[in-house]
Amino acid sequence: PLLRFDPLTGAYKLDAPVRFDADAPRLKPESEKLLGEFAQLFGKPAGRDLRVLVVARSGPASAPNGTLDAARRRTTEQAWAVAEFLRKSGLRSDQIGVSGVEAAESVAPKSQTGGEAESRRVDLFVTGKSTPIVGWDDGAGARH
């Protein structure tokens, strides 16, 4: 129930927000609980060959000067915090990848309360071992 198929990416995606303390890379307790449950999926026999891609989405390119770099840095720190939490929760390093993208203003979701914080988020995608991802070892020592 934590995952839903995302037809845009062809992967399964964690269907819950990962929350942090006020723009800090520190996970909120409810997100630690969620990610702990998520990490358990990878400990089961069917999940041992799965990988998770942690994608940090920074704010829209139209952000005022100076704030975009800070938003990217903050979002990247949050993605690394998620990856590190998953590693400490039992995932192998070769099962975790981290990427960053800039969310376009037109596609960046906004919360019901508004605000740019919702366009700066961390998404988690679950892929199979054979899903080609540039720079990721395929398990046989070959890199894509």
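This briefing walks through the sheet, the nonpolar core and the salt bridges of the structure above. Keep in mind that the model is predicted. In brief, 5 strands make an open sheet with mixed pairing, the largest nonpolar core has 23 residues, and the structure holds 7 salt bridges.

**The sheet**

- Reading across the open sheet, the strand order is 1-2-5-3-4, and the pairing is mixed.
- Strand 1 and strand 4 sit at the edges, each pairing on one side only.
- From one strand to the next, the twist averages 35°.
- Strand 3 and strand 5 run antiparallel to each other, paired over 7 bridges.
- As a general reminder, strands of a sheet pair through backbone hydrogen bonds, either parallel or antiparallel.
- If you want a spot to click on, try Val-55: its bridge partner in strand 5 is Asp-123. Asp-123 turns up again below, in a salt bridge with Lys-13.
- Over in strand 4, which covers residues 96-102, you'll find Glu-102. The C-alpha atoms of Glu-102 and Ser-58 are separated by 5.0 Å, although the two residues are 44 apart along the chain.
- Glu-102 counts as partly exposed, because its relative accessibility is 35%, in between the 20% and 50% cut-offs.

**The nonpolar core**

- The largest nonpolar core has 23 residues, and the ones with the most contacts inside it are Leu-35, Phe-38, Val-82, Leu-86 and Leu-124.
- Helix 1, strand 3 (51-58), helix 2 and strand 5 each put in at least two residues of this core.
- Helix 2 supplies the largest share of the core, with 5 residues.
- Leu-86 is a handy one to centre your view on. Leaving aside neighbours within four places in sequence, Leu-86 is in contact with Leu-35, Phe-38, Ala-39, Val-52, Val-54, Leu-91, Ile-96 and Leu-124.
- The general background here is that in soluble globular proteins, nonpolar side chains tend to be buried together.

**Salt bridges between distant parts of the chain**

- The general idea is that side chains of opposite charge can pair when their charged atoms come close.
- Asp-123 and Lys-13 form a salt bridge, with their closest N and O atoms 3.7 Å apart. This pair links distant parts of the chain, with Asp-123 in strand 5 (residues 121-127) and Lys-13 in strand 2, 110 residues apart.
- Are these two partners buried or exposed? Asp-123 is buried at 7% relative accessibility, and Lys-13 is buried at 12%; both values are under 20%, so they fall in the buried class.
- There's a network here too: salt bridges link Lys-13, Arg-57 and Asp-123.
- Asp-15 makes a salt bridge with Arg-4, where the closest N and O atoms are 3.2 Å apart. Asp-15 lies in the loop between strand 2 (11-14) and helix 1 (29-40), while Arg-4 lies in strand 1 (residues 3-6), so the pair links distant parts of the chain, 11 residues apart.
- Asp-15 is partly exposed, with a relative accessible area of 47%, and Arg-4 is also partly exposed, at 33%.

**A salt bridge within one helix**

- Arg-87 and Glu-84 meet through their side chains in a salt bridge, at 2.5 Å from N to O.
- Both residues lie in helix 2 (residues 67-88), 3 residues apart, which is about one turn of the helix.
- Arg-87 is partly exposed with a relative accessible area of 37%, and Glu-84 is partly exposed with 31%.

Note on methods
Residues numbered from 1 in each chain as written. Predicted model: local features only at pLDDT ≥ 70, side-chain atom pairs only at ≥ 80, totals over all residues. Heavy atoms only, no water. Salt bridge = Lys/Arg side-chain N within 4 Å of Asp/Glu carboxyl O. Helix = DSSP H or I, 4+ residues; strand = E, 2+ residues; numbered from the N terminus. Buried < 20%, exposed > 50% of the residue type's maximum accessible area, 1.4 Å probe, protein only. Core = buried A, V, L, I, M, F, W, Y, C linked by side-chain atoms within 4.5 Å. Contact = heavy atoms within 4.5 Å. Pairing = 2+ DSSP bridges. Axes fitted to C-alpha atoms, helices over the stretch in contact; angles between N-to-C directions.
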